[in-house]
Amino acid sequence: MGGGSESVAVDGHTIAFERRGQGPPLVLLHGAAADSRYWRRELDSLSDEFTVVAWDAPGCGRSFDPPDDYGLDGYADCLAAFVEALGLERPHVLGVSLGSSLALELFRRHRALPRSLVLTSAYAGWLGSLGREIAEERRAWGLRAADQPREEYVREFTETLFVSSVPADVVAEMRELVTELHPAGVRAMANASADADLRDVLPEIDVPTLLIHGDLDQRSPLLVGEDLHAQIPGSRLVVITGVGHVVNLEVPDRFGDEVRGFLRAAG
């Protein structure tokens, strides 16, 4: 299968994506402050063995802007339609941060779709993993940030993503992505995350599931990952020491090795 930037119409809306390689399909779901470019290393490194597809979620990159109340269910239904439009049969689904919540919602609403789940720096939604008070604080911050001067928002947000030892070029790469966020996407994703409580679906997950978490994650503390691991039957938790929220950018080789080994075993 070919590679490069593409787009597809989903329910009359444009969804942009990157696609590389051939083999079993692997769908990559970025977090709230990114787009498909977040996965450039994985698009290159994993495409020797998999058909790797990274979308621009609604409100991100070159995809359409959703309404503020789109909800995690709206994202999940759009994702399912996107997977169907591309003809991806039972893909592995890998998400980071909000993308992991989306992967869980996808399983809840379209249970036959995912072949396996890789949940990185995950939440069962902000509400489900952090509680009402913190979820509402984060919602309010996101809604305010959508209208802030972009540099102010970028500085505040990226301060919580990395450990201090991360190379400056990695931080600069993430800051560039955050700088180009759509205000509509910031609002929709803040609302979706704050309203999401996915705890009820965790015991029902019956596909191979890998959790990858940094022990220094400020946004999704390790206790959250440990709780998800305890609730998801047969799941595996990999804790990477000295790493913050954006694990794949901080330790790309270790991350890639963990993902590849898991996907091979999952079939």
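1. In this predicted model, helices H5 and H8 run roughly antiparallel to each other, because their packing angle of about 175° falls in the range over 145 degrees that counts as such. Their axes lie 8 Å apart, with H5 spanning residues 132-145 and H8 spanning residues 183-195. On the H5 side the contact involves Ala135, Arg139, Gly142 and Leu143, which meet Val186, Arg187, Ala190, Asn191, Ala194 and Asp195 of H8. By residue class, this contact of H5 with H8 comprises 5 nonpolar, 2 polar and 3 charged residues.

2. Helix H8 also packs against H2, with an angle of about 110° and an axis separation of 7 Å, and the two helices are therefore roughly perpendicular to each other. Gly71, Leu72 and Tyr75 contribute from H2, while Gly185, Ala188, Met189 and Ala192 contribute from H8. The residues of the contact of H2 with H8 divide into 5 nonpolar and 2 polar, with no charged residue among them, whereas the contact of H5 with H8 includes 3 charged residues.

3. The loop between H7 (168-179) and H8 holds histidine 182, which counts as buried because its relative accessibility is 16%, under the 20% cut-off. The side chain of histidine 182 makes a polar contact of 2.6 Å with the side chain of aspartate 65. Setting aside residues up to four places away in sequence, histidine 182 touches Gly59, Cys60, Gly61, Ser63 and Asp65, so that the polar partner also appears in this list of contacts.

4. Turning to the nonpolar interior, the largest nonpolar core has 53 residues, of which Trp55, Leu79, Phe82 and Leu117 touch the most other members. Helix H2 (residues 71-85) supplies the largest share of this core, with 8 residues. Apart from this core lies another, of 35 residues, including Ala34, Leu94, Leu177 and Phe255. In soluble globular proteins, nonpolar side chains tend to be buried together.

5. Leucine 117, one of the residues that touch the most other members of the largest core, deserves a separate entry. Its contacts, leaving aside neighbours within four places in sequence, are Val93, Ala103, Leu104, Phe107, Ile205, Val207, Pro208, Thr209, Leu210 and Phe262.

6. Glutamate 204 is placed in the loop between H8 and strand S7 (209-214) and, at 40% relative accessibility, counts as partly exposed. Leaving aside neighbours within four places in sequence, glutamate 204 is in contact with Phe107 and Arg111, and its side chain is joined to that of arginine 111 by a polar contact of 2.8 Å. Phe107 is also listed among the contacts of leucine 117. Between glutamate 204 and alanine 103 the C-alpha to C-alpha distance is 14 Å, across a sequence separation of 101 residues.

7. Two backbone conformations may be worth a check by eye. Aspartate 11, in the loop between strand S1 (4-10) and strand S2 (13-20), has a positive phi of about 50° although it is not a glycine; this residue counts as exposed because its relative accessibility is 68%, over the 50% cut-off. Arginine 90, in the loop between H2 and strand S5 (92-96), likewise has a positive phi, near 45°, in a residue other than glycine, but at 38% relative accessibility arginine 90 counts as partly exposed.

Note on methods
Residues numbered from 1 in each chain as written. Predicted model: local features only at pLDDT ≥ 70, side-chain atom pairs only at ≥ 80, totals over all residues. Heavy atoms only, no water. Axes fitted to C-alpha atoms, helices over the stretch in contact; angles between N-to-C directions. Helix = DSSP H or I, 4+ residues; strand = E, 2+ residues; numbered from the N terminus. Parallel < 35°, antiparallel > 145°, perpendicular 65-115°, else oblique. Contact = heavy atoms within 4.5 Å. Nonpolar A, V, L, I, M, F, W, Y, C, P; charged D, E, K, R; others polar. Core = buried A, V, L, I, M, F, W, Y, C linked by side-chain atoms within 4.5 Å. Buried < 20%, exposed > 50% of the residue type's maximum accessible area, 1.4 Å probe, protein only. Polar contact = N/O pair within 3.5 Å; in protein donor to acceptor, adjacent residues only side chain to side chain.
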